Every structure is written in C-alpha cells, then in structure tokens.
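Please open the structure in your viewer and keep the selection panel at hand. The tour proceeds from the whole chain to individual residues.

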Amino acid sequence: MKSFPFICLLFLLSGTVFISCKKEKLDSKSVITDPVAGEPTALDKYILREFVTPYNIRILYKYVDAESDMDYNLSPADYESSVRMTRLIQYLGIGPYDAVTGSKEFIRSCFPKLLNYIGSPAYNNNGTAILGTAEGGLKINMFYVNGLTAENASNIDYLNNTYFHTIHHEFGHILNQLKPYSNRFREISGTKYLQDDWRNISLDEALERGFISAYASKEAVEDFVEVASLYMIMSAEDWESRISSGGSEGKNILLEKAEIVKEYYQTSWNISLDSMRSEILKRQANLDNFDPLNIR
C-alpha cells in the first residue's frame with residue numbers, strides 16, 4: 001500500500017512561527033480511490049459464478065500494488081487477455097481435475113484461493129523471466145497475461161509453454177506442501193542437483209542426467225513438480241520422445257521418477273496422472289471449437 005506523507009510548511013520569520021489556519025469545506029468524495037471499485041464487469045460476474053461460488057477462488061485481474069511484487073517493474077493485465085486467461089484456466093486447468101475426481105471438492109479444498117493476474121513477465125537481472133509463482137498455498141501469481149492474444153489463444157504449444165505448464169507446476173508445489181512426497185524421489189538424483197547452476201545446462205544435458213527439464217535439475221522439489229506437470233500436458237508420444245533423448249541411463253532415471261510421481265498422486269489424492277493426461281489432451285484437441293471470450 002502506498003502512503004502519502006503530509007507535508008507541513010512552516011514559515012520562520014524573525015524567530016517566530018506563523019501558522020495560518022482557516023476553515024475549508026471538505027469534499028465528500030475521497031481523493032483515494034479503490035482500484036477495484038465500480039460496477040461489476042461481465043468478467044466480474046463470470047468469476048463470481050464460475051470460480052467464487054463453486055470453488056471459493058477469487059481472481060484479481062485489476063492491478064493492485066499490495067498483491068504484486070514490488071521488486072519487479074510490472075504492468076496491469078488487459079481486460080480481454082484476462083477474459084481469455086480465466087476461461088482457459090477453467091477449461092484446461094481446473095476442469096480436468098473436476099472430470100477425473102468426479103466433483104468440484106478437490107479443487108475447492110486444495111486449489112489456492114487467489115489467482116492474481118499481471119500483464120507483463122517478471123524479468124530478473126540475469127535475463128530470465130518468471131511466469132508464475134505460488135505463495136504459501138494460498139495464491140498463484142500469473143505473469144504475462146497480456147501475451148494471451150486472439151492469435152495464440154488456441155495454440156496449445158504456446159499455451160502450455162507460457163501458462164499451463166506453470167499452473168500445473170505451481171499447483172504441484174501446493175499439493176506437496178499439503179502432503180509431502182516420498183524421500184525415495186529425492187534419493188534418485190541425490191547430490192546431482194545444480195541449484196542456481198541449472199541455467200548453465202541445456203535440455204539435452206538435463207535429460208542425460210535424468211531431469212525432465214533444465215529447471216528440474218535445480219532441486220528435488222522443482223524436479224518433482226516438473227515431472228508431474230509435463231507428464232500431464234504432453235502426449236504419450238511426446239513424453240516418450242523426450243525421455244528417450246536422454247539415452248538409456250537418463251531414460252531409466254526418468255521412468256523411475258515418473259512412477260513415484262504417479263504413485264504419489266494416486267495414493268495421496270486418488271488421482272490418476274494417466275487419466276489427467278487423457279482429459280487434458282482431449283480438451284487440447286477441442287481448442288479450435290472453444291470460445292475463450294464467451295463469458296455469458
């Protein structure tokens with residue numbers, strides 16, 4: 001929250017302080033305005049109907065400083081891009097869990113209660129950009145919402161690379177906080193994690209070492225959710241092609257990791273990752289028939 005200091009001007013003449021006071025009529029309208037105030041938009045009504053009521057999930061698409069990261073130079077999300085993002089999160093992000101679990105209760109109980117949209121990416125000094133963060137299991141920040149345009153709203157490679165890989169990744173962190181995964185997963189790669197040096201290896205090098213992505217080589221917690229999120233959004237053929245690129249040693253490590261991840265989702269949450277993949281792929285294939293601006 002920004003604070004506005006009061007500035008007092010004191011005129012010192014001949015060692016005497018002169019303070020002039022007079023009565024002024026105050027305007028009943030405050031000069032401090034609420035950035036989210038005003039008549040509800042069509043998107044506000046859609047969020048209330050499709051997110052707040054069934055899941056108790058709020059979506060903040062109007063920029064609020066207090067909900068943003070002041071370490072970055074960020075810009076607000078556009079209205080139409082926010083509509084597209086909200087519709088696609090419902091269709092590709094939340095809907096598959098409802099379909100696989102058979103109810104809305106899993107998302108209502110486990111999904112963070114606030115989605116915060118930011119128009120721009122959060123750029124780091126080293127040239128990398130943050131596309132999403134999860135905060136304490138209660139909130140997911142979605143960056144670069146303005147990149148979701150009419151031209152790429154049905155481009156599944158773009159949607160996965162920019163948004164849905166991130167959403168499933170961050171939600172995976174939240175699930176791990178609620179129910180920890182087995183230490184067996186951490187032991188597979190043991191001391192081979194690279195911490196911040198993950199930026200210095202290519203995807204091929206990561207796969208050879210048994211990591212599904214370069215970022216997965218950072219630490220075990222990132223490794224786990226990278227396996228989970230990519231397994232869900234990739235076809236069986238694409239997954240097989242990627243893990244096979246690591247050679248026999250890398251592939252065997254990744255197969256072992258994937259089995260532990262699938263076991264975790266099944267035993268901890270009664271969710272089959274293969275069923276999730278099938279549901280997500282079915283929805284991906286239908287994107288050409290999906291209207292991302294339909295919020296009637």
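**Overview of the chain**

The protein chain comprises ten helices and eight strands. The model is a predicted one. Select the whole chain: of its 296 residues, 46% are buried. Its exposed surface amounts to about 16300 Å², of which carbon and sulfur atoms supply 51%. Among the contacts with a separation of 6 or more, 72% join residues 24 or more positions apart.

**The nonpolar core**

Next, select Tyr117 and Tyr265, the residues with the most contacts inside the largest nonpolar core, which has 75 residues. Helix α7, residues 220-233, gives the most to this core, contributing nine residues. Now centre the view on tyrosine 117 and display its surroundings. Beyond its neighbours within four places in sequence, tyrosine 117 is in contact with Ile59, Leu60, Tyr61, Ala77, Ser82, Met85, Thr86, Ile89, Met142 and Val145.

**The loop before α4**

Move to alanine 150, located in the loop between β8 (139-142) and α4 (156-178). Is alanine 150 buried or exposed? Its relative accessible area is 52%, and since the threshold for exposed is over 50%, alanine 150 counts as exposed. Add glutamate 80 to the selection: this residue and alanine 150 are 70 residues apart in sequence, yet their C-alpha atoms are 9.0 Å apart in space.

**Helix α4**

Finally, select α4. At its start, a side-chain oxygen of asparagine 155 comes to within 3.2 Å of the backbone nitrogen of aspartate 157. Following the helix onward, one finds a bend of about 45 degrees at tyrosine 163. Helix α4 is mostly covered, with 17 of its 23 residues buried.

Methods:
Residues numbered from 1 in each chain as written. Predicted model: local features only at pLDDT ≥ 70, side-chain atom pairs only at ≥ 80, totals over all residues. Heavy atoms only, no water. Core = buried A, V, L, I, M, F, W, Y, C linked by side-chain atoms within 4.5 Å. Buried < 20%, exposed > 50% of the residue type's maximum accessible area, 1.4 Å probe, protein only. Helix = DSSP H or I, 4+ residues; strand = E, 2+ residues; numbered from the N terminus. Contact = heavy atoms within 4.5 Å. Bend = angle between axes of the 7 residues up to and from the residue. Polar contact = N/O pair within 3.5 Å; in protein donor to acceptor, adjacent residues only side chain to side chain. Areas by Shrake-Rupley, 256 points an atom, 1.4 Å probe, with all protein chains shown as cover.
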